[in-house]
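Dear colleague,

I am handing over the structure below, and after it you will find notes on what turned up when it was examined. Please read them with the model open beside you.

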Amino acid sequence: MDRVLSHTDRLLAALGRRLARLAETAGSSAGRENPAPAGPDAPLDAATRRHIAGLMRVNHAGEVAAQALYHGQAFVARSERTRAHLLAAAREEQDHLRWCEERLRELGDRPSRLQPLWYAGSFVIGAAAGLAGDHWSLGFIDETERQVSEHLSEHLAQLPPQDTKSRAILERMRADEERHGRDAREAGGRALPVPVRGLMRQIARVMKFGAYRL
Ligand SMILES: [Fe+2]
Ligand SMILES: [Fe+2]
């Protein structure tokens with residue numbers, strides 16, 4: 001009985017330390033400046049403005065999800081090195097989140113009302129990926145960032161040419177996501193099985209559909 005208790009104690013203490021570490025870093029950002037050019041917005045008609053805001057709301061929700069995935073993975077990461085890697089990337093996602101939020105405000109719109117759902121669902125998925133082991137967890141990042149980069153390219157193609165502000169933000173985000181993927185691969189990420197990649201796309205599709213509207 002004593003042995004079971006001491007195991008439980010150690011486990012709880014370890015979880016407590018991990019939570020404290022997460023709490024320390026959650027919400028902190030890499031502090032980089034919004035890359036959008038300063039100055040007034042180009043003229044946009046109401047329908048175009050609404051569409052751009054829908055796209056930026058999807059991207060904002062994606063950044064909420066990205067942070068939650070990283071936090072979930074960091075919570076269960078086996079090695080301190082992997083945890084530090086994950087939390088550093090999460091801080092950059094916090095920059096992206098802020099830039100999208102600033103752009104939404106400029107467009108007279110708001111983030112998704114389903115944010116808590118995107119965060120909670122993604123945290124659980126991140127923790128599940130992390131429990132598979134650090135190499136799979138890093139492989140999961142590589143795949144996530146690849147899918148996000150492709151998705152950002154689709155959004156960039158939809159932006160009207162005069163919207164240089166949204167464009168600058170999405171281009172910078174895409175460059176960061178590509179680097180996040182590369183870093184994870186170089187840190188030992190393993191290629192995910194095809195069905196898992198397909199499932200990730202399906203989940204992302206549901207999120208994009210929901211966040212564009214709600
Ligand atoms: Fe991001
Ligand atoms: Fe990223």
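May I begin with Arg32, which is partly exposed at 21% relative accessibility, where buried stands for under 20% relative accessible area, exposed for over 50% and partly exposed for what lies in between, with a 1.4 Å probe and protein chains only. Before going further, please note that this is a predicted model, in which local features need pLDDT of at least 70 and side-chain atom pairs count only at pLDDT 80 or more, while totals for chains, interfaces and linings use all residues. Residues are numbered from 1 along each chain as its sequence is written, chains are lettered from A and ligands numbered from 1 in the order in which they are written, and side-chain values use heavy atoms, with hydrogens and water left out.

Salt bridges

The side chain of Arg32 forms a salt bridge with that of Asp176, at 3.0 Å from N to O; the term stands for a side-chain nitrogen of Lys or Arg within 4 Å of a carboxyl oxygen of Asp or Glu. Because Arg32 lies in the loop between helix H1 (2–25) and helix H2 (46–76) and Asp176 in helix H6 (residues 164–186), the pair ties together parts that are 144 residues apart in sequence. Helices here are DSSP runs of H or I with at least four residues, numbered from the N terminus, and strands would be runs of E with at least two. Unlike the partly exposed Arg32, Asp176 is buried, with a relative accessible area of 4%.

Over the whole structure, the search finds 15 salt bridges. Two of them belong to helix H3 (residues 80–106): in one, Arg105 and Glu101 have their closest N and O atoms 4.0 Å apart, and these residues, four apart in the helix, are separated by about one helical turn. Arg105 is exposed at 55%, and Glu101 is partly exposed at 31%. In the other, Arg103 and Glu106 meet at 2.7 Å, N to O, and they are three residues apart in helix H3, again about one turn. Arg103 is buried, with a relative accessible area of 1%, whereas Glu106 is partly exposed at 41%. Salt bridges that share partners also join Arg32, Glu92, Asp95, Arg98, Asp176 and Arg179 into one network.

Arg103 also appears among the contacts of Asp163, a residue in the loop between H5 and H6 that is buried at 1% relative accessibility. Not counting residues up to four places away in sequence, Asp163 touches Asp41, Ile52 and Arg103, contact being heavy atoms within 4.5 Å.

The iron site

Which residues coordinate the iron ion (ligand 2)? They are Glu93 (OE), Glu145 (OE, listed twice), Glu177 (OE) and His180 (ND1), at 1.9 to 2.6 Å; donors are N, O and S atoms within 2.8 Å of the metal (3.2 Å for Na, K and Ca), and water is not among the atoms, so sites may look incomplete. Along the chain, the donors follow the spacing E-x51-E-x31-E-x2-H. The iron ion (ligand 2) lies 3.9 Å from the iron ion (ligand 1), and Glu93 coordinates both. Glu145 in helix H5 (residues 134–158) and Glu177 in helix H6 are 32 residues apart, and both are buried.

UniProt, in an unreviewed entry, places the feature "binding site" at Glu93, Glu145, Glu177 and His180; its positions are given in the numbering used here, feature names are shortened, and annotations may be inferred rather than shown by experiment. These residues span 88 residues in sequence, yet no two of their C-alpha atoms are more than 11.2 Å apart, so they gather at one spot.

Glu93 lies in helix H3 and is buried at 0% relative accessibility. Leaving aside neighbours within four places in sequence, its contacts include Glu63, Tyr70, Glu145, Glu177 and His180. The side chains of Glu93 and His96 are joined by a polar contact of 3.1 Å, meaning a pair of N or O atoms within 3.5 Å, where within protein one must be able to donate a hydrogen and the other to accept it, and residues adjacent in sequence count only if both atoms are side-chain atoms. His180 lies in helix H6 and is buried at 4%, and its side chain makes a polar contact of 2.9 Å with that of Glu92.

With kind regards
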